Amino acid sequence: MFRDAIVAGTLLLVAASGLAESLLISGALVADGTGRVISKQDVRIQGDRIVAVGRLRRQRGEEVVRGHGLVLAPGFIDIHNHSTQGLASDPLAGTQVSQGITTLVVGADGESPWPISDYLAARRQSPAAVNVLTLVGHATVREMVMGKDYKRPATAAESARMAQLVAQAMREGAVGLSSGLEYEVGSYSETPELVEMSRAAAAAGGFYMTHMRDEADRSFEALEETIAIGGEARIPIQISHIKLATVGVWGRARDFSARIEQANSKGQDILADCYPYEAWHANIEVLVPNKKYDDPASVERALADVGGAERVTITESSAHPEFVSKNMAEIARAAGITPVELFIRIVKDGGADVIGHSMKEEDVQVFYGKPWVMVASDGGIGSSHPRGAGTYPRVLGRYVRERHWLSLAEAVRKMTSLPARRLGLKDRGSIAPGMRADLVLFDPATILDRSTFEEPGRISEGVRIVWVNGQRVWNEGRTAGARPGETISGKGAPAPSAGAASPA
């Protein structure tokens, strides 16, 4: 790609005495986020904006970052991130900014902060290093209305009340509605309930982001429900972490994609996101879709569907911390029981979080080849899956440089302007005059993820500098101490106030 043209060099920083009025990033290979051909250009920043792009001369008193041999891209926008609490406990967000994330969206999978207004106010009062938006969660609202009596379809009155709460959340600043229909609270809902709530989000200019009802043997049925919700509610759809995660549907990514493309050809607006791993992370109960957790036949079938108990690793268990980092097959052998008996015991003892290695790389490759599939992490601060610290460098290092699945320009588009389009962010996601100065400078010859399932928080390599709203938040291997992230509200809320920079 650029191997012959790129010269690995040392990053030189030239700063004038005193505070520079502007910053010039000179001679970088600019991947502007649109997918256009990458070209060597200079970029000037003043305050929180990009003010010029092209062949530029250094101005008097201007700080200069020499980007020769490096790629300058818009900051990466993670549309599916689980840093809801992490932004408060770790506002410098090292695992996020170190991989180039400058904007993230919380509230996915049906679980969100509540009230939305309080969460956004707290984030404005104590900004993080990254920009943040939030969705309103279907399960969050459902449990508010139904309490602990949620293991049934909602009544018409309950659905109407849920829709009212979604409308309230949208007025308070949510950007859309999320659902997690494989999980306990959301799994009992029926399609009309989701349509009614989606209509409320659509009325405020939002979208519907869904962890579909099934990502395994019944994936195609779940997709039909998703398409129906989008059509009836007239709402844009975002399919979370698109995948085919059981043996019975392995190799069918082209068929799955074709159904989405058929719906789009008929006027729907369906996009998806995908993380670059063959393993998912969830609670152990999702393995058994029929919820018969103490039925040996159901459990045995569930473990076979994901390729066997050796493909399921325990990541967290309050009752059995000794199981953590071990797969279910080896735990069962050591205990002298079957994996089925082990599963039943774990659920009875309070459950566990697991990582399931039950996807095929060939399907991941097909999905990433689709222009409507973006990159997202489904990770976040403190994630016990390596995607929390490694998603974006993994795509750029392994899928672009090593395997040539994607061009560099296309990979950057999937990380920037495509999620910006779904979120309605008109001033982020590309490099052009007037856009916000959310930028990532990285070495395309060395960028690579280093997080593993054993050490999920290991920092990636190759990301040199990250700017958020014109301020450095990552600088040569460490956080820079600035917290210039903004809290961004949806279309249904008043314009956000800018998040002020504050010390670490």
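The paragraphs below go through the nonpolar cores, one bent helix and one serine of this predicted model.

Residues are numbered from 1 along each chain as its sequence is written, and side-chain values use heavy atoms, with hydrogens and water left out. Because the model is predicted, local features need pLDDT of at least 70 and side-chain atom pairs count only at pLDDT 80 or more, whereas totals for chains, interfaces and linings use all residues.

The largest nonpolar core (buried Ala, Val, Leu, Ile, Met, Phe, Trp, Tyr and Cys residues joined through side-chain atoms within 4.5 Å; buried means under 20% relative accessible area with a 1.4 Å probe, protein chains only) has 137 residues, and those with the most contacts inside it are Ile 242, Phe 343 and Phe 442. Apart from this core lies another of 17 residues, including Ile 25 and Ile 465.

Helix H14 (a DSSP run of H or I, at least four residues, numbered from the N terminus) covers residues 387-402, and its end C-alpha atoms are only 18 Å apart, short of the 22 Å that a straight helix would reach at 1.5 Å a residue. Of its 16 residues 14 are buried, so H14 is largely enclosed by the rest of the structure. Just after H14, His 404 takes a positive phi of about 60 degrees.

Ser 83 is found in the loop between strand E7 (76-78; strands are DSSP runs of E, at least two residues) and helix H1 (86-89), and Ser 83 is buried, with a relative accessible area of 0%. A polar atom of the Ser 83 side chain lies 2.9 Å from the backbone nitrogen of Ile 381.

Key
Buried < 20%, exposed > 50% of the residue type's maximum accessible area, 1.4 Å probe, protein only. Expected span 1.5 Å × (residues − 1). Polar contact = N/O pair within 3.5 Å; in protein donor to acceptor, adjacent residues only side chain to side chain.
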